[in-house]
Amino acid sequence: MENLYHILSIAPNASTEEIKKAYRSLAMRHHPDRSTDANAQSKFNAIKSAYELLSNPKKRAIYNQSLNNRIILDSESEARALWHALFEHCGVKLPHTSTH
């Protein structure tokens, strides 16, 4: 499961207003009626799901707790995914490389 904070490109300590602002921006960009991207529907659904969970304080607290208790099996892959998400948020598409 992808990190919901990464989906919305926000920090884990983002305010409710920052979550809403990120959601609106990303939802407009990836809405299937506005985007020509073939994956627009799945991106939009992921953005919508992330917003629905993170905008609810109780659900967000539970999610944060589960996020803090997870075990990272492949830290290199995790770091690579974070870098890709950061660059993609800035509009830069990095090539996907595999070390395996």
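1. A good place to start is the pair H2 and H3, whose crossing is left-handed. Please keep in mind that this is a predicted model.

2. The axes of H2 and H3 lie 9 Å apart, and the packing angle is about 165 degrees. Angles over 145 degrees count as roughly antiparallel, so that is how H2 and H3 run relative to each other.

3. Which residues make this contact? From H2 come Ile-19, Lys-20, Tyr-23, Leu-26, Ala-27 and His-30, while H3 supplies Ala-40, Lys-43, Phe-44, Ile-47, Lys-48, Tyr-51 and Leu-54. By character, the residues of the H2 contact with H3 split into 9 nonpolar, 3 charged and 1 polar.

4. Next, the core. The largest nonpolar core has 17 residues, and those touching the most other members are Leu-4, Leu-8, Ile-10, Ile-19, Ile-47 and Leu-54. Helices H1 (4-7), H2 (16-30) and H3 (40-54) are the elements that each give two or more residues to this core.

5. Ile-19 deserves a look of its own, as it appears both in the H2 and H3 contact and among the core residues just named. Leaving out residues up to four places away in sequence, Ile-19 touches Leu-8, Ile-10, Ala-14, Tyr-51, Leu-54 and Arg-60.

6. Finally, do have a look at Ala-14, which sits in the loop between H1 and H2. Is Ala-14 buried or exposed? Its relative accessibility is 6%, and buried means under 20%, so Ala-14 counts as buried. Beyond its neighbours within four places in sequence, Ala-14 contacts Ile-19 and Arg-60. The C-alpha atoms of Ala-14 and Leu-54 are 9.7 Å from each other, with 40 residues separating the two along the chain.

Terms used:
Residues numbered from 1 in each chain as written. Predicted model: local features only at pLDDT ≥ 70, side-chain atom pairs only at ≥ 80, totals over all residues. Heavy atoms only, no water. Core = buried A, V, L, I, M, F, W, Y, C linked by side-chain atoms within 4.5 Å. Buried < 20%, exposed > 50% of the residue type's maximum accessible area, 1.4 Å probe, protein only. Helix = DSSP H or I, 4+ residues; strand = E, 2+ residues; numbered from the N terminus. Contact = heavy atoms within 4.5 Å. Axes fitted to C-alpha atoms, helices over the stretch in contact; angles between N-to-C directions. Parallel < 35°, antiparallel > 145°, perpendicular 65-115°, else oblique. Left-handed = near helix turned anticlockwise from the far one by under 90°. Nonpolar A, V, L, I, M, F, W, Y, C, P; charged D, E, K, R; others polar.
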